[in-house]
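Let's take a stroll through this protein, one piece at a time. Keep the picture open while you read.

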Amino acid sequence: MVSEALRDDQACGIPALLRADREPVQWSISDSVVAYPEALETMRTRTRAIADGQAGEAVWLLEHPPLYTAGTSARADDLLVPTRFPVFDAGRGGQYTYHGPGQRVAYVMLDLRERGRDIRCLVSALENWVIDTLAAFNIKGEKREGRIGVWVRRPDKGPLVEEKIAAIGVRVSRWVTFHGISLNVSPDLEHYSGIVPCGISDHGVTSMEALGHLASMAEVDTALRTAFERHFGPVGLASPPSGPHA
């Protein structure tokens with residue numbers, strides 16, 4: 001059976017993103033939390049190397065210590081408690097978001113020169129990747145027109161209530177992507193109270209744990225890998241990408 005997410009891929013012309021004929025994407029997981037400046041510089045180093053033909057594509061899974069990041073569209077008044085956690089300029093699209101333990105961040109460094117050069121379809125494919133991952137845990141993730149990310153309905157809170165379970169934020173340099181997705185597995189959701197997440201004040205945030213799904217990070221990583229290969233092609237296990245500050 002073809003998933004709804006894969007049908008959406010095909011409608012967007014995303015098969016170009018699925019490259020089974022290329023070298024496997026290097027798939028790595030950091031076992032300890034990674035400081036945000038370190039991760040940012042490591043991504044920049046790796047994407048430059050990919051663009052120069054000196055390194056292969058990579059997906060890097062990690063967790064950060066509690067922090068807020070500001071995208072290029074962040075509004076100052078959406079940072080409600082400026083001194084609560086460190087705030088970093090991310091350089092990606094979007095507004096304010098939270099990262100912290102219990103949230104799986106996946107930094108995606110792909111060469112769009114070989115995958116269709118379509119940023120809109122890339123974002124759609126990243127959302128579909130998360131949707132298929134959640135489906136492995138019997139969670140129905142959905143897209144919303146005009147709101148990037150993945151959402152779940154909360155009928156237990158009201159007939160029209162929905163909450164965000166995963167954020168998407170990407171940047172493309174020389175047609176190589178970096179940044180990626182953040183999926184709430186079991187973070188402290190109260191930490192979101194210091195910002196207006198993604199500039200959206202009329203919808204809340206949730207997690208797999210808050211929905212009653214107590215999955216380990218390792219189980220989530222396995223589901224992410226399986227779903228990624230369906231949408232983007234094969235992966236191969238590798239050490240985390242290195243940079244001058246990694």
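Before we start, one term: two residues are in contact when they have heavy atoms within 4.5 Å of each other. Also keep in mind that what you see is a predicted model.

## The chain as a whole

The chain has 246 residues, and 53% of them count as buried. Its secondary structure comes to four helices and 12 strands.

How much of the contact list links residues 24 or more positions apart? Among contacts with a separation of 6 or more, such pairs make up 71%.

## L126 and its neighbours

Let's zoom in on one residue. L126 sits in helix α3, which covers residues 119-135. Is L126 buried or exposed? Its relative accessibility is 1%, so L126 counts as buried.

Which residues does L126 touch, once those up to four places away in sequence are set aside? They are V108, I168, V170, I181 and F232. There is also F228 to look at: L126 and F228 are 102 residues apart in sequence, yet their C-alpha atoms are 8.7 Å apart in space.

## A three-stranded sheet

Now for a sheet. General background helps here: strands in a sheet pair through backbone hydrogen bonds, and they can do that in parallel or antiparallel fashion.

Here we have an open sheet of three strands in the order β4-β3-β5, and the pairing is mixed. β4 (87-89) and β5 (96-99) are at the edges with a single partner strand each, so one side of each has no neighbour in the sheet. From one strand to the next, the twist averages 30°.

Strand β3 (residues 67-70) runs antiparallel to β5, and four bridges join the two. If you want to spot one residue pair, find T69: its bridge partner in β5 is T97. There's a helix here too: α2 (residues 36-51) lies across β3, β4 and β5, at about 15° to β4.

## Spaces inside

How many cavities of 30 Å³ or more are there? The count comes to two. The largest one holds about 60 Å³ of space.

That largest cavity is lined by 11 residues, and T97, K164, A167, Y192 and V205 lie nearest its centre. The elements giving two or more residues to this lining are β9 (162-173) and β10 (176-184). β9 gives the most, with four residues. As for chemistry, the lining splits into seven nonpolar residues, three polar and one charged.

T97 has now turned up twice: as the bridge partner of T69, and among the residues nearest the centre of the largest cavity.

Technical notes
Residues are numbered from 1 along each chain as its sequence is written. This is a predicted model: local features need pLDDT of at least 70, side-chain atom pairs count only at pLDDT 80 or more; totals for chains, interfaces and linings use all residues. Side-chain values use heavy atoms; hydrogens and water are left out. Two strands pair if DSSP finds at least two bridges between them. Axes are lines fitted to C-alpha atoms, for helices over the stretch in contact, and angles run from 0 to 180 degrees between N-to-C directions. On a 1 Å grid over the protein atoms alone, a cavity is a set of points where a 1.4 Å probe fits but cannot get out, and a pocket is an open set with protein on both sides within 12 Å along at least five of seven lines; lining residues have an atom within 4 Å of a point. Grid points are joined across faces, edges and corners, and a volume is the space filled by probe spheres set on the points. Ala, Val, Leu, Ile, Met, Phe, Trp, Tyr, Cys and Pro count as nonpolar, Asp, Glu, Lys and Arg as charged, and the others, Gly among them, as polar. Buried means under 20% relative accessible area, exposed over 50%, partly exposed in between (1.4 Å probe, protein chains only).
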